[in-house]
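Me: Hi! I'm new to this one and would like a friendly walk through it. Could you help me get my bearings?

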Amino acid sequence: MTKTWQERLRAGLKGLYFPVAAILAAVVLSSIVMAILGFDPLYAYQCLLKGAFGNTNSIGETLVKTTPLIFAAVAFALPMRCGIFNLGATGQLYIGAILGSLVGVRFAGMPAVLHIPLMLLAGFAGGALYGVFAGWLRHRFGANELISTIMLNHVAIQLLAYCVAGPLKDPATAATSTPQSAQMVASVKLPVILPGTRLHAGLILAVLCLVFYYVFLWKTTRGYEMRVVGLNPGAGEYAGMSVRKNQLLAMLLAGGIAGIGGCVELMSVQSRLIQQFAGNIGFDGVAVALLGGNSPVGIALAGILFGALSAGAGRMQMLAKVPNATVYITQGLIILFVVGRELFRIRSRRKNKPSSRTAGPRSMEKEAV
Amino acid sequence: MAFLEMKHVSKYFGSVAANVDVNLSVEKGEIHALLGENGAGKSTLMNILYGMYAHSEGEIWLNGQPVRIKDPKDAIAKGIGMVHQHFMLIPALSVIENVVLGLKENKAVLDLKAAAREFSQMAERFGMELDPWAKVETLSVGAQQRVEILKALYRKASLLILDEPTAVLTPQEVKGLFHMLRQLTAEGLTIIFITHKLNEIMEVCDRCTILRLGRVVRTTAISDIQDKQELAALMVGSQVELLTQKPPAHPGDEVLRVEDLSYVDKRGIRALDQMSFSLRGGEILGVCGVDGNGQSELVRCITGLLKPASGSVRVCGADCTGADPRMILGQGVSHIPEDRHKMGMIREMTVNENLILMSYRTPECQKRGFLKWKDIRAHSQALCEQYNIKTPSVLERSGNLSGGNQQKMVVGRELDRRPRLLIAMHPDRGLDIGATKYIQRQIVAASQAGAGVLLVSTELDEILELSDRILVVFEGRMMGILDRSEATAERLGLMMAGARQSAG
């Protein structure tokens with residue numbers, strides 16, 4: 001779709017209105033909570049901002065936190081565009097990381113240009129299989145993917161815990177009880193791209209992932225099919241498209257992307273598999289995708305925001321003595337307002353246009369920026 | 001003094017004016033028609049009267065008193081009843097349960113017997129026979145409509161609003177309804193009748209208010225109107241050709257052959273029973289029947305969206321029984337689906353993206369899996385011009401287009417593929433006269449160009465105007481195929497109600 005840049009800008013600014021309102025409302029409300037707890041919210045947010053953007057190093061940290069969120073957000077957004085809810089980024093990320101680590105701890109001395117893609121490929125395959133499994137459950141048995149993906153997350157978490165305590169446990173520390181895998185070898189270590197910080201080439205991969213997301217969905221016939229199926233399955237079938245095939249492929253790609261995200265973590269900040277090594281990344285990714293309206297630019301911006309919140313939380317706790325759990329309150333409120341806004345949109349549509357009865361809750365996403 | 005007066009009523013949705021300075025005055029005991037094209041503001045006006053919307057300006061007077069109607073409950077309390085186009089009944093409950101549903105007087109334990117007695121007496125008084133204990137789902141559509149009307153009367157309505165009440169009825173049922181309406185007005189009730197069918201107004205209404213673009217064009221007694229041509233001109237604002245010219249067909253090769261086609265739905269009901277017919281290029285075969293008598297299943301079995309239980313479908317000689325929709329579309333089949341919102345278009349997508357729905361895999365639209373948006377855009381612009389699709393740009397969200405333009409978009413997309421077989425289901429349902437006539441002309445033109453057309457419609461006038469032959473369906477069975485020359489509205493009406501006729 002070729003639009004003039006003015007049209008794009010206008011559409012972009014219009015799209016920003018609600019997310020920004022949601023963020024502001026969340027900040028104000030969490031400020032009130034902080035004030036009630038006896039902290040100075042202004043000082044706290046000042047510290048948070050400094051911790052997130054204060055100097056080169058903190059900007060680097062923010063982007064380090066942003067990187068995995070983008071992979072997880074795309075893993076949610078892509079199936080969502082195809083009408084399927086993937087809440088399984090966590091599980092897909094873990095399975096991808098387990099498979100990737102099998103490659104990452106071996107083949108020391110292989111050139112990095114070969115070794116890194118090989119490990120990413122293994123991660124993609126692991127996540128993709130796990131993702132497509134949930135899609136298959138939906139189409140074969142009618143299992144609701146909202147539930148099955150969450151349950152599969154727990155399976156993956158336990159599987160990882162078992163692996164790092166058993167078969168994949170680091171032989172060097174076999175005597176100790178620390179459950180962790182062997183260290184990834186040097187040739188899969190991603191290079192630092194901003195000297196003096198931890199910011200690594202994984203950010204470039206994350207940006208490429210967003211570019212892929214955009215090009216695939218809006219420039220290819222397959223992506224077009226997926227969007228048609230996601231927005232109106234009836235129209236998809238009418239035009240001879242297969243809802244099943246498209247949704248399975250969407251889950252395969254999403255799982256694969258989550259798997260790559262897991263490997264990137266192993267290749268950068270985490271050098272070993274440990275239990276729960278990805279923390280909340282999977283679900284934070286869902287929030288990032290929702291806040292970003294499932295659009296590529298929106299995901300990038302929302303990813304940076306969530307990255308900044310978690311990077312700045314440490315400094316806020318240190319200087320303003322505000323517990324960093326407050327950041328979770330802010331994040332939670334942002335999500336609440338974003339989802340609340342969707343409800344508001346559906347309601348107002350019903351009220352003003354009685355003819356659009358067929359609008360379902362699945363029309364949650366917006367036009368791409 | 002008028003029974004109901006709406007004075008200078010305006011309603012704005014944001015910056016869009018749905019009603020502007022509307023004055024409506026309805027006398028006690030009359031049947032007052034509210035006539036206008038889709039989007040003229042009829043429904044908005046009635047929703048204001050029924051308390052669904054608050055009006056932006058103006059006032060409402062009922063029985064000489066100014067009133068404020070907060071919500072539908074309030075409207076009912078003030079004696080206003082509304083029968084919606086889509087019935088608000090619960091099919092699994094009995095008639096009387098539906099009638100007392102939500103009444104304020106209801107006690108903790110319902111006294112249905114007393115209510116049923118009262119209901120039956122009332123029904124008898126108006127000459128409607130209805131078993132209060134029958135389940136609503138077992139009733140015919142006409143009977144369900146009577147339940148809706150009686151439900152309003154049971155709530156002591158003295159003003160009844162009927163929103164396009166004849167859309168779902170057979171011609172005989174329409175006659176019954178009109179008879180009932182006259183009886184009601186004789187009892188002193190006042191009726192507002194929303195419609196865009198000109199015949200009905202001439203037949204049953206006393207006076208008529210015509211709306212165009214949210215404003216009142218004129219209020220007039222029907223006796224002052226010469227003919228429906230005059231009404232149409234008032235409604236549209238210019239002279240319109242009411243009849244579509246259909247030259248005689250020159251049938252070519254057979255493009256569709258359906259043999260013994262049956263379909264059993266999920267509930268085990270035979271929705272299609274042993275249908276057999278054939279259709280040749282250049283010919284228009286009208287399928288007529290009351291909505292829901294197997295038309296939808298027939299079309300879906302032909303286009304591959306449903307798998308038939310038995311029988312066969314051949315398109316242009318190729319066996320397409322139970323085939324994949326993509327393979328059937330590839331035989332040169334175009335399909336204008338019954339519900340554009342559920343199937344024909346994607347409202348969230350642009351006009352551009354909608355126009356390639358059927359052709360996105362052709363070499364004109366893609367190269368190695370990548371869409372050629374530049375070429376597509378140029379072609380879409382040409383299509384918009386050719387088919388008169390009014391849109392600010394091909395990048396406009398298609399859901400923002402008016403219903404008529406959305407439908408033209410679907411029709412244009414399907415005809416652009418130069419089909420050998422065109423399946424058109426309700427191609428102009430809910431559209432204004434201008435758009436309807438335009439689409440009918442396009443369908444006739446496609447048949448002149450050699451396409452075989454299967455035209456499914458519930459509008460008898462349309463079927464009679466366009467078809468070369470007419471197939472009548474009832475409860476999934478074929479009641480017969482008539483030649484255009486031997487078909488009359490009366491004869492078709494009887495067949496639609498289930499009377500089998502042998503082709504003459």
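Me: How many residues does each chain bring to the contact?
Reply: Chain A brings 20 residues and chain B brings 29, where two residues are in contact if their C-beta atoms, placed from the backbone, lie within 7 Å. This is a predicted model, in which local features need pLDDT of at least 70 and side-chain atom pairs count only at pLDDT 80 or more, while totals for chains, interfaces and linings use all residues. Residues are numbered from 1 along each chain as its sequence is written, and chains are lettered from A and ligands numbered from 1 in the order in which they are written.

Me: Which elements of chain A give two or more residues to the side that touches chain B?
Reply: Those are α8 (221-231) and α9 (233-238) of chain A. α8(A) has the largest share, 5 residues. Helices (H or I, at least four residues) and strands (E, at least two) are DSSP runs, numbered from the N terminus.

Me: And what kinds of residues are on that side of chain A?
Reply: The side of chain A that touches chain B has 7 nonpolar, 9 polar and 4 charged residues. Ala, Val, Leu, Ile, Met, Phe, Trp, Tyr, Cys and Pro count as nonpolar, Asp, Glu, Lys and Arg as charged, and the others, Gly among them, as polar.

Me: What confidence does the predictor give the complex?
Reply: The complex gets an ipTM of 0.83 and a pTM of 0.80. For chain B, the mean pLDDT (the predictor's confidence in each residue, from 0 to 100) is 89, and 99% of its residues reach 70 or more.

Me: New topic: how is chain B divided?
Reply: Chain B has domain 1 (4-236), domain 2 (242-332 + 419-504) and domain 3 (345-417), with bounds from an automatic or database domain assignment. In chain B, 10 residues of domain 1 are in contact with 13 residues of domain 2.

Me: Which element gives the most to the domain 1 side there?
Reply: That is α8(B), with 3 residues.

Me: Last one: which residues of α5(B) are buried?
Reply: They are Gln145(B), Arg146(B), Val147(B), Glu148(B), Ile149(B), Leu150(B), Lys151(B), Ala152(B) and Leu153(B). A residue is buried if 20 or more other C-beta atoms lie within 10 Å of its own, exposed if 12 or fewer, and partly exposed in between, with C-beta atoms placed from the backbone.

Me: What covers them?
Reply: The cover for the buried residues of α5(B) includes β6 (80-83), α3 (95-100), α4 (112-125) and β7 (159-163) of chain B.
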